[in-house]
Amino acid sequence: MSRRTVLVTGATGTTGSRVLAGLRQRGVAVRPASRRGAPAFDWGDQDTWVDALVDIDTLYVVPPIEDSPTGVPRGMGDISGFCKYAVKQGVDRFVLLSARSGRAGNPEVVAVEDVVKALGVEWTILRPSAFHQNFAENFQLNSANPLRQSIVDGSLEAMDLGSPIDFIDAADIADVAVETLVGTGHHGQTYELSGPRAFPFAEAVRIIARTLDRPIQYTEFQPTAWFERLRATGVDETVIGLVEHVLHSHDSGVFAGEFDTVERLLQRPPRSFEAYVRETAALGVWDMNQAANKAMQHQR
Ligand SMILES: NC(=O)c1ccc[n+]([C@@H]2O[C@H](COP(=O)([O-])OP(=O)(O)OC[C@H]3O[C@@H](n4cnc5c(N)ncnc54)[C@H](OP(=O)(O)O)[C@@H]3O)[C@@H](O)[C@H]2O)c1
């Protein structure tokens, strides 16, 4: 393991908070970066870039998704500008949290990957599938998690994605990130990251209901009907276009991958969805008790 000083962007988020903890556990020098940090770091505010990069040689890059309900990164100009500036300041290793839809050629995801690949320094790209944590944590920070709320309410609606999903745990993504940030031999690699098996979204809902021992009414809509619902609730066409991209990625089967990368890199199997659900249910985040949910958010 080489000695590295790592700037962790998205440090208050689902993977960043875990990457930060994992690096600290291994005694690696770290600096958290996000708008809620002190000093604050904002991708869109160049004045905050300078202090963030002092004495940093390694970067964990979490592209900001802002208010995109689809989880597709935005703010390309900021990402490109910041990464180029970081290289000038001495950063020589980048680990990018990308997304599986990059494998299906999602242009917004590929564009960010291309930025990192073109920097002329070491890079590693992580392409996870959907996170287990989407069912409980806030994937759009500062807003309620609609999936968690639907589980609490006992009624969940979703679009039929038409193929299984190889859900993965954020803790496994973070462990792989830590390994690639401080380990060797990962330059130029694009790692597809899967949980132990792919299964339909409806099965995920059934597993949660069974574990909680209470019914969750699940309604699945065909894409055309789902898009009509989005339009009826005032969602704009750009966002609908992004959702269509996600759907096309599913059509291409890339989310049913079952890649063995986690096991290969960490020499242990990835965490199962069932284990995630058991442990998360025990925290009370799917109960009506909001205090329990707040307690979990504070743990991060
Ligand atoms: N969820 C999934 O299933 C999934 C699957 C594959 C890939 N991904 C990718 O994962 C990424 C999200 O990662 P995550 O789940 O670890 O994070 P997250 O929980 O969504 O949190 C976002 C992080 O980014 C920070 N942030 C947001 N806007 C910022 C800005 N303008 N300047 C500085 N920091 C900002 C937030 O902190 P502050 O609010 O403190 O600024 C927070 O720490 C996205 O790029 C998404 O495409 C997600």
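The following legends describe close-up views of a predicted model.

**Figure 1. The open sheet is built from six parallel strands.** The strands are arranged in the order 2-1-3-4-5-7. Strand 2 and strand 7 occupy the edges, each with a single partner strand, so one side of each is left without a neighbour in the sheet. From one strand to the next, the twist averages 15°.

**Figure 2. Strand 4 and strand 5 pair in parallel, with helix 4 lying across them.** Strand 4 (residues 93-97) is joined to strand 5 (residues 122-128) by five bridges. Within this pairing, V95 is placed opposite T124 of strand 5. Helix 4 (residues 107-117) lies across strand 7 as well as strand 4 and strand 5. The helix runs at about 160° to strand 5.

**Figure 3. The buried residue E192 makes polar contacts with two arginines, R100 and R127.** E192 belongs to strand 7 (residues 189-193), a strand at the edge of the open sheet. Its relative accessible area is 6%, below the 20% limit, and E192 is therefore classed as buried. The side chain of E192 forms a polar contact of 3.2 Å with the side chain of R100. A polar contact of 2.8 Å connects the E192 side chain to that of R127. When residues up to four places away in sequence are not counted, E192 touches R100, R103, R127, F259 and T261.

**Figure 4. The largest nonpolar core contains 33 residues.** The members that touch the most others are F135, I151, L156, F201, I208, F273 and W286. At least two core residues come from each of helix 5 (146-153), strand 6 (155-159), helix 7 (201-212), helix 8 (223-232), helix 9 (237-251) and helix 11 (273-282). The greatest contribution is that of helix 7, which provides seven residues. Another core, of 26 residues, lies apart from this one and includes V19, L126, L181 and L266.

**Figure 5. The surroundings of F201 bring together aromatic and aliphatic residues.** F201 is one of the residues that touch the most other members of the largest nonpolar core. With neighbours within four places in sequence left aside, F201 is in contact with F135, L147, L156, A158, I165, F167 and Y218. Among these contacts, F135 and L156 are likewise listed with the core residues that touch the most other members.

**Figure 6. Ring pairs join eight named aromatic residues into a cluster: F135, F167, F199, F201, Y218, F273, Y276 and W286.** Within the cluster, F273 and Y276 form a tilted pair, with 5.9 Å centre to centre and 35° between the planes. Both residues lie in helix 11, three residues apart, about one turn of the helix. F273 and Y276 are each buried. Across the whole structure, the search finds 16 aromatic pairs.

**Figure 7. W43 and F82 form an edge-to-face aromatic pair.** The ring centres are separated by 5.2 Å, and the angle between the planes is 80°. W43 is located in the loop between strand 2 (29-33) and helix 2 (49-52), whereas F82 is located in helix 3 (residues 76-88), so the pair ties together parts that are 39 residues apart in sequence. Both W43 and F82 are buried.

**Figure 8. A cis peptide bond leads from A38 to P39.** Omega of this bond is near 0°. P39 is placed in the loop between strand 2 and helix 2, the loop that also holds W43. Most peptide bonds, by contrast, are trans.

**Figure 9. D213 and E258 have positive phi values.** Most residues other than glycine have a negative phi. Phi of D213 is near 60°, and this residue is situated in the loop between helix 7 and strand 8 (217-221). D213 has a relative accessibility of 68%, over the 50% limit, and therefore counts as exposed. For E258, phi is near 55°. E258 is situated in the loop between helix 9 and helix 10 (261-266). With a relative accessible area of 44%, E258 is partly exposed.

Note on methods. Residues numbered from 1 in each chain as written. Predicted model: local features only at pLDDT ≥ 70, side-chain atom pairs only at ≥ 80, totals over all residues. Heavy atoms only, no water. Core = buried A, V, L, I, M, F, W, Y, C linked by side-chain atoms within 4.5 Å. Buried < 20%, exposed > 50% of the residue type's maximum accessible area, 1.4 Å probe, protein only. Helix = DSSP H or I, 4+ residues; strand = E, 2+ residues; numbered from the N terminus. Contact = heavy atoms within 4.5 Å. Phe/Tyr/Trp six-rings, centres within 6.5 Å; stacked < 30°, edge-to-face > 60°. Polar contact = N/O pair within 3.5 Å; in protein donor to acceptor, adjacent residues only side chain to side chain. Pairing = 2+ DSSP bridges. Axes fitted to C-alpha atoms, helices over the stretch in contact; angles between N-to-C directions.
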